[in-house]
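Trainee: Please take one pocket of this model and go through it closely. Start with the terms you need.

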Amino acid sequence: MQKVIFTDIDGTLLDSYLPDIKKAKKLVEKTLQNGIHIILCSSKTELEQNIIRSNIKLHEPFIVENGGATIIPVGYFNKSEIIHSKKFQKNYIIETGGPAYRIRSLLKKIRTKHDINFKGVSDLSITELSKITRLPQEYVKKMMKRKYSETIVQIDNNDIPKFANILEKVGLKMIPGGQYFDITLGNDKGTAVKILIDIFRKEYENNVIFFGIGDSKNDESMLSLMNLPILVQKANGSWQNLQIGNLLKVKGIGANGWEVALEIILKY
Ligand SMILES: [Mg+2]
């Protein structure tokens, strides 16, 4: 029986504050040594995830921008044909998200038509974004390279319900993240996870079991597709309230919770 872990990054495999890359690398090493697949599934862009992947030495398929695209190294699957994909360099890319320029143009229309003030990463300069997020310029540059989504980093909290309403009407989806939220053309993590699950099932003739590890609301669509969905604690010690029946809440914030989850998966 093949085991596959779908995992969120921010606040799950890596703590949101002072992430310990060495710890993550050790956890990933142990997982791979036990023959378990690890699929990163995050709101982060391909460029952001590539840095993390190279630091933790992970060469497995991964899902970027809340299900915007799934990137599968060529040769990773032998039996299954990767349909609806395009080949770019050494990867197959399955795009399930709409293009960012369309999202931005819809957002522009909303801004002109309604009296809502908000700022997305594409409305800001590198310096401005670095100031708002308190992240280094090198990092925010990669955060801005969004292909299938837009991250809203500034909006009056009172405007959020009205904004969410308008977004839905024009076919956009608001996906809450840790600090900011992302806007997509309808996809979420689950959209891409579903496709990858199907490929794994075909490849291993259904002898495969899926585990999901997450920490927040944007993991709900991913976790709801798992045989065993696992939730780690948030930085304040609480567990996100999710509508999933067989959800397993483990003790441990972020990466500490991930470690506990791995022990459970190893024995499963
Ligand atoms: Mg998270």
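Mentor: A pocket is an open set of points on a 1 Å grid over the protein atoms alone, with protein on both sides within 12 Å along at least five of seven lines; its lining residues have an atom within 4 Å of a point. The model is predicted, and totals for linings use all residues. Residues are numbered from 1 along each chain as its sequence is written.

Take the second largest pocket. It holds about 240 Å³ (the space filled by probe spheres set on the points). Its lining has 15 residues. Nearest its centre lie Glu-46, Ile-71, Ile-93, Lys-147 and Tyr-148. By class, 7 of the lining residues are nonpolar, 2 polar and 6 charged (Asp, Glu, Lys and Arg).

Now the elements, DSSP runs of at least four residues for helices and at least two for strands. β4 (69-73), β5 (86-88), β6 (91-95) and α2 each supply at least two lining residues. The largest share, 3 residues, is from α2.

Where does this pocket lie? It sits between domain 1 (2-97 + 188-267) and domain 2 (100-184), because both give residues to its lining. The domain bounds come from an automatic or database assignment.

Set the largest pocket beside it. Its volume is about 1300 Å³. It has 42 lining residues, and Asp-10, Ser-16, Lys-44, Tyr-139 and Gln-179 are the closest to its centre. α2 (46-55) is among the elements giving two or more residues there. The largest share of that lining, 4 residues, also comes from α2. Its classes are 17 nonpolar, 14 polar and 11 charged. Each of the two domains gives at least three residues to it.

Terms used. Predicted model: local features only at pLDDT ≥ 70, side-chain atom pairs only at ≥ 80, totals over all residues. Heavy atoms only, no water. 1 Å grid on protein atoms, 1.4 Å probe; cavity = no way out; pocket = protein on both sides within 12 Å on 5 of 7 lines; lining within 4 Å.
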